Structure formats: C-alpha cells, structure tokens
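Visitor: I am new to this structure and would love a close look at one part of it. Could you take me through it slowly?

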Amino acid sequence: MLVSSVSGVGSDEALIAIDRADSAIVLAYRAVLEAEGAGANVSGLLEELNFGAEALATANMLYRVGNFGEAVNFADLCYDSVVDVAAKADEAVRLAEFEGKRQFYVTSAASTLGVCCVVLGGVFGWRVFKRRYFRRVLETKPEVVSNES
Amino acid sequence: MNLEDYQTVFTVTVLGLTLIAAFPTISMVVLFPEGSERFSEFWLLGPGHMAEGYPFNVQNGEVQGPVYVGVRNHMGGSQYYLVYVKFRNQTQSLPNVTASTPSPLLPLYEFQFFLGDGEMWEKPLTFSVEDVLFQGDSAFVGSMSINDVVFSVNVSAKWDSEYEGYYCQLFFELWLYDREVQDFQFHNRFVGIWLNMTS
C-alpha cells in the first residue's frame, strides 16, 4: 500500500473517499436527469454538480500523482457539495410534476372551451348561412327567356 | 357553388379550427419525434482563442499556452462529460475513432463537468515539459506540468529525420457518462497538438 509522505493517508483510504464521492455525484446526476425529464429547470442543480465534478477531477489527479491526503480532501469536498443535490432534485421533480399537472388541466380546459366554441359557432354559422342562402335563392326572380323559335 | 359545396367548405373549416384549438392539449399527450442530430462539439484553440498559434517548439521548463479546450452539448439533454489529457510519442497509440476505442495510455490531467443541452464549457490549460534529456537520437521527457500539477510521463521521442524534430503529442479525449453502462465511455472525439522538443 502506498502512503502519502505528507499526511500519512494511504492510497486505499484515498480510493475509498474518491469512490464515495463518485457514487454521490452519479446518484445526484441521475436525480437531476429525472427532474429534467419531469420538466424542471435544472440549471442551478447542474451548477452545484459542476462544483463537485471539478473537485472530483482534482481528487483523481492528486491520487494519480500520489498526493493521497489532498485527494481525500478534494473527494470529501466533492461529496459534501453534491450530497444534497439528489434531495433537491427530488423536490424539483415533485414541483415540476405538480406544475405539469396544473398546466395540463388549464390547457385541457382552454382547448375544450376552444373546441366547443368552434363547433357551436360552426353549427350556428351554418344555420344562419343556410337560411340566407335559401332566402336569396327564393328571392331570385326567374329570368324570362324569349322563345324565338 | 351549390349548397353542398358550401357545406363541405364549412365542415373542413370547422374541423381545421377544431384541430388548432385542440393542438395544445394534443401536444402535451402525444410525443413528437425529435428531428435534430445529437452530437457534442469538441475543440482546442490557441492562446489567441483562435485555431492558430498553437505551441509547437517547446523547451525544458518553458510554460506554454494557454490553449483552450471546449465542449458544446447538442445531445438533447444534460450530460456528464470527462476530458482526459494524455501525452504520447509518435509510436504510442492514439484513440481509434473507427473502432470507438480510446488511447490505452494513462490519463494525466482531467476535467469533469456537466452541461445542459446547448450549453458550452471551455477551460484554459497551460503546460510545460520538465526533465527533458537529449541522448543520441532521442529526447526523453521525464515529467510534465499541466495547470501546475506535475505528472511523471517518461516518454522518449526519436529524432524524426523527415520533419526534423523530436515530436510528442499532447491530446485530449472526450468521454461521456453512459447511464446504462453506469460508467464513462469514450465519446469518439479527440483533439491534439504536436510538440517539438528543443534544447
């Protein structure tokens, strides 16, 4: 096992911290995708994830160069910054679903009203048109055609 | 036009208006196929933020750059990206775009980031080659500093008589998190710059 000369932190410990941060960020990302699929605005959540992702990348690099103590610090920073994101994303899903349902009901009601207006207007308009059409036809005087034969 | 013709025109008009009135609700229920192609842009720009002026002749300890590496997401949703920075000589493997396989070389520096659909990410990168030794027809690069993180590389570049230099390549691979595989997968894109080791 390799041990960082500065902090006394071993490679195993660093790897465990990085794995924990990695799992947390993936879990948070999945929750954010679910929120995005539900129609939530996830730009704020992505910003929080980006802070964690940057810390995780730094932890990976420090692990590669053997600075396990700092790698653990950055992995923990990543974990701390994304651990709440999944819960926030779940809340965003609930809000988006509620808003989606509300919007669906409003749109459906407006559409139904619109369709009813068009159909009733069409039937009424057709009746008025038909009545005028027949009146015009009946008012038409027959033409006298000369019969020269 | 007779009355039947007028009736047809009326019916078609009412049907059309009915569809228009119902469309907002229909569009919320029916999923329409997305027509646009899904892809990611990946670029590397020189110090002037243009596709020119890239570092080429490098000396031991001389800081180069910044070069700017960037990505734009056109994948239709949020994505989790990873950029690996690798260093190789002329004989070591590049990624194989035909086979969709990354370079087998170990990464040095890396970037991880999330992008929403249509969003862009760009970061500067400065680097320097360290512990460069010239022996016979080879130049040996012991380590490399990228954005102030020092990595051991141990890459040996042979003298290229055709292009007259000791050539190594700094290249960047784009990876994308695959939800089904639950891991990063090579996204089949890479960019790089050739560097000539000079004394």
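Visitor: What covers the buried residues of H1(A)?

Guide: Happy to show you around. Please keep in mind that this is a predicted model. The cover over the buried residues of H1(A) includes three helices of chain A, namely H2 (43-64), H3 (68-82) and H4 (85-139), together with strand S4 (79-89) of chain B.

Let us look at the helix itself. H1 of chain A runs over residues 11-37, which makes 27 residues. At 1.5 Å a residue, a helix of that many residues should span 39 Å, and the end C-alpha atoms of H1 in chain A are 38 Å apart, so the two values agree. Just after H1(A) comes A:Gly39, whose phi is positive at about 95°.

Now for the residues under that cover. The buried residues of H1(A) include the alanines A:Ala14, A:Ala17, A:Ala21, A:Ala24, A:Ala28, A:Ala31 and A:Ala35. The list also holds A:Ile18, A:Ile25 and A:Val32, along with A:Tyr29 and A:Glu36.

Strand S4 of chain B is part of the cover, which brings us to the contact between the chains. Chain A puts 29 residues into this contact, and chain B puts in 24 residues. On the side of chain A that touches chain B, the elements giving two or more residues are H1, H2 and H4 of chain A. H4(A) gives the most to that side, with 13 residues. By type, the residues on this side of chain A divide into 19 nonpolar, 8 polar and 2 charged.

While we are with chain B, a few backbone details deserve a stop. Most residues other than glycine have a negative phi, and most peptide bonds are trans. In chain B, a cis peptide bond joins B:Gly65 and B:Pro66, with omega at about 10°. B:Pro66 sits in strand S3 of chain B, residues 64-74.

Another stop is B:Ser100, in the loop between S4 and strand S5 (110-115) of chain B. B:Ser100 is not a glycine, yet its phi is positive, near 55°. This serine has 11 other C-beta atoms within 10 Å, so B:Ser100 is exposed.

Our last stop is B:Asn154, in strand S8 of chain B, residues 149-160. B:Asn154 has a positive phi of about 50° although it is not a glycine. B:Asn154 counts as exposed because it has 11 C-beta neighbours inside 10 Å, where the cut-off for exposed is 12 or fewer.

Key
Residues numbered from 1 in each chain as written. Chains lettered and ligands numbered in written order. Predicted model: local features only at pLDDT ≥ 70, side-chain atom pairs only at ≥ 80, totals over all residues. Helix = DSSP H or I, 4+ residues; strand = E, 2+ residues; numbered from the N terminus. Expected span 1.5 Å × (residues − 1). Buried ≥ 20, exposed ≤ 12 C-beta atoms within 10 Å, placed from the backbone. Contact = placed C-beta atoms within 7 Å. Nonpolar A, V, L, I, M, F, W, Y, C, P; charged D, E, K, R; others polar.
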